[in-house]
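Biologist: I've just opened this one and I'm new to it. Can you walk me through it, and tell me how each label is earned?

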Amino acid sequence: VREAVRRPGGGRGGLTPAAFGLAPPRRSERARWSAAGERPPDRAVFYRLGRPPGLAKQPHLLIEPGDVEDTALIPGDPGRVDRIASQCDDVETVAENREYKLVNATYDGVPLTICSTGIGCPSAAIAVEELAAVGVDTLIRVGTTGPLQSGIEIGDMVVATGAAKAEGTSKRYEDATVPAVPNYDVLSALVDGAEANGEDVH
């Protein structure tokens, strides 16, 4: 993305500062950014402007404020959006584009959004950024995993208390030494809910 933003003439999809309503900083402005120890805007990986000027919707999820609920479940596979939604009521498909499928629904009377993220961290980051930009404040990643411990059986519930940051995307947001841990209140609610439902929780 950085290369595409910096390339003159808008190559690779035209992702230039001008496409976001920005002009590349002059040399003197670059010097001021450098002196402050920060990257100039035309080298940023993500323009942290919320929604770029002139775009009616988020460019990948095709959503805008008011389209989503406060809480979102985010599986990877779009097919799992349908599987989760089949357990819910009041299901409404909001948008579908590329690897992203987004529906709103209610479960036990609680409104929620279900949105696929596709495979890998970069596409997940796009989904998280755009969901947060339109009002989602709690994101819960849901899916399956292969266990390394022999005591975990197929079908057991795993509530992750942390994650290894052995990929490249998170390094664009924070230092690798910052622990990747969930919000404690959300973590506790997930464990309590699973145990109350009689699940074996790891």
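Modeller: Sure. The protein has six helices and five strands, and bear in mind that this is a predicted model. From the N terminus, the elements go α-α-α-β-α-β-β-β-α-β-α.

Biologist: How much of the protein counts as buried?

Modeller: Of its 202 residues, 28% do. As for contacts between residues at least 6 apart in sequence, 58% of them join residues at least 24 apart.

Biologist: In what order do the strands of the open sheet lie?

Modeller: The order is S2-S3-S4-S1-S5, with mixed pairing. On average, neighbouring strands are turned by 20 degrees against each other, ignoring direction.

Biologist: What makes S2 and S5 edge strands?

Modeller: Strand S2 (89–97) and strand S5 (138–141) each pair on one side only.

Biologist: And how do you know that S1 pairs with S5?

Modeller: Pairing takes at least two bridges. Strand S1 (residues 71–74) is joined to S5 by four bridges, and the two run parallel, so the pair passes the cut-off. One bridge links Ala-72 to Leu-139 in S5. Ala-72 also has a bridge partner in S4, namely Thr-113. S1 and S4 run parallel too, with two bridges between them, so that pair meets the cut-off as well.

Biologist: Why is the pairing called mixed, then?

Modeller: Strands can pair either parallel or antiparallel. S1 and S5 run parallel, while S3 and S4 are antiparallel, over six bridges. The sheet has both senses, so its pairing is called mixed. Where S3 and S4 form their hairpin, two residues sit between the strands, and Asp-108 there has a positive phi near 55 degrees. Tyr-107 stands opposite Val-110 in S4.

Biologist: Which helix lies across S1, S2, S3 and S4?

Modeller: That's helix H4 (residues 78–85), running at about 10 degrees to S3.

Biologist: How does the span of H5 compare with the expected one?

Modeller: Helix H5 (residues 121–133) has 13 residues and reaches 18 Å between its first and last C-alpha, close to the 18 Å expected at 1.5 Å a residue. Its buried residues are Ser-123, Ala-125, Ala-127, Glu-130 and Leu-131, and their cover includes S1, S3, S4 and S5. Just after H5, Gly-135 takes a positive phi of about 120 degrees.

Biologist: Why is Cys-88 called buried, and what is Cys-121 called?

Modeller: Buried means under 20% relative accessible area, and exposed means over 50%. Cys-88 has 13%, so it is buried. Cys-121 has 34%, which falls in between, so it counts as partly exposed.

Biologist: How many disulfides does a search of the whole structure find?

Modeller: Zero. A disulfide needs two cysteine sulfur atoms within 2.5 Å, so no pair in this model meets that cut-off.

Biologist: Which residues touch the most other members of the largest nonpolar core?

Modeller: Of its 13 residues, those are Leu-61, Ile-63, Val-68, Leu-102, Cys-115 and Leu-131. S1, S3 and H5 are the elements giving two or more residues to this core. Setting aside neighbours within four places in sequence, the contacts of Leu-61 include Ala-95, Tyr-100, Leu-102, Cys-115 and Leu-131.

Biologist: Which residues does the second, separate core include?

Modeller: That core has nine residues, among them Leu-73, Val-81, Cys-88 and Ile-114.

Key
Residues are numbered from 1 along each chain as its sequence is written. This is a predicted model: local features need pLDDT of at least 70, side-chain atom pairs count only at pLDDT 80 or more; totals for chains, interfaces and linings use all residues. Side-chain values use heavy atoms; hydrogens and water are left out. Axes are lines fitted to C-alpha atoms, for helices over the stretch in contact, and angles run from 0 to 180 degrees between N-to-C directions. Contact means heavy atoms within 4.5 Å. The expected span of a helix is 1.5 Å times one less than its number of residues. Buried means under 20% relative accessible area, exposed over 50%, partly exposed in between (1.4 Å probe, protein chains only). A nonpolar core is a set of buried Ala, Val, Leu, Ile, Met, Phe, Trp, Tyr and Cys residues joined through side-chain atoms within 4.5 Å.
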